[in-house]
Amino acid sequence: MLRRKLFTRIVVFVVIAVALIWTLVPLAWILLSSFKFEADQFSMPPKWFPERITFQNYAKFFGNSEFVSSLINSVMITFFSTVIALMLGVPAAYALARFDWKHANTIAFVVLLARMTPPIVMVLPFFMIARYLGISNTYLPIVLALSFFSVPFAIWMMRGFFQEIPTSLEEAAMIDGCTRFQSLRIVVLPLVMPGLSATSILCALIAWNEFLFALVLTGRDTRPLPVLVNMFVSERNIEWGVMSAAAIITVLPMIVFGLLVQNDLVRGLTMGSSK
């Protein structure tokens, strides 16, 4: 029995170690490359640690006139798409979890199909609609496109959290005079707040890292940071050092945000895992 537990722990440790290496090694390489001179970028054999450290890559990226506007665009797009996803996803998830509909599971599956649709299939329709309505260089098309994929995710996440809450709590609140909406707001939502936090965090990560829709549906005045990073790729040259610095600056806010809310994220993802 002890050997079996020891073997299980070793296997778990190895799997976690491999996953961490797979995830962190590319990020470490990008971080170190952002401090290299251009000559060190192409040294053979490749060098992990540069002989000389430079900050010119960061200076060039911060010196880009579009950096501040792209950062603001990323924040605005992420905020509005996450808010819309929660405003539409939470009521829909509550309805699917609480009301005894005959085809509730079928409806939930149809909603999931929107999330399963390949993004490349939906880019052209969104682009044509935005162009036809004359809103190509605004936040509206990219926010609606990201919400289109985030709402099904929020519905499926929150539906499971709502199903974990006993209906007797709402029934007791309604006996005391609460309406259905009041019981949801006063009783249920505080209990599923960890799940709501986890859902909002994951929706924000999806929106912040989106590149394909942002590349097609945004203009010069609305392009976010992931699209700005791509601007350093030209027909003649790829500025690897500046791109590495830009990539680090782009992922840094989400890393800090993840560290600040990691407790809520863990509570939300493990909610209902134990009785």
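Here are legends for a few close-up views of this predicted model.

Because the model is predicted, local features need pLDDT of at least 70 and side-chain atom pairs count only at pLDDT 80 or more, while totals for chains, interfaces and linings use all residues. Residue numbers start from 1 along each chain as its sequence is written, and side-chain values use heavy atoms, with hydrogens and water left out.

**View 1. The whole chain is helices, with zero strands.** There are 14 helices in the protein chain; helices (H or I, at least four residues) and strands (E, at least two) are DSSP runs, numbered from the N terminus. The C-alpha atoms fill a box of roughly 75 × 65 × 30 Å, taken along the principal axes.

**View 2. The largest pocket lies between domain 1 and domain 2.** Its volume is about 180 Å³. Of its 14 lining residues, Glu38, Asn57, Glu239, Gly241 and Val242 are the closest to the centre. On a 1 Å grid over the protein atoms alone, a pocket is an open set of points with protein on both sides within 12 Å along at least five of seven lines, a cavity is a set where a 1.4 Å probe fits but cannot get out, and lining residues have an atom within 4 Å of a point. Grid points are joined across faces, edges and corners, and a volume is the space filled by probe spheres set on the points. Domain 1 (1-42) and domain 2 (65-273) both give residues to the lining, so the pocket sits between them; the bounds come from an automatic or database domain assignment. Helix 2 (38-41), helix 3 (56-62) and helix 13 (240-260) each supply at least two lining residues.

**View 3. Helix 4 meets helix 7 in a right-handed crossing (the near helix is turned clockwise from the far one by less than a right angle).** Helix 4 (residues 67-98) and helix 7 (residues 139-163) pack at about 40 degrees, axes 6 Å apart. Axes here are lines fitted to C-alpha atoms over the stretch in contact, and angles run from 0 to 180 degrees between N-to-C directions.

**View 4. The largest cavity holds about 50 Å³ of space.** Just one cavity of 30 Å³ or more turns up. Among its lining residues are Ser74, Ile77, Thr78, Trp208 and Glu210. Helix 4, helix 7 and helix 10 (193-209) each supply at least two lining residues, and helix 4 gives the most, with three.
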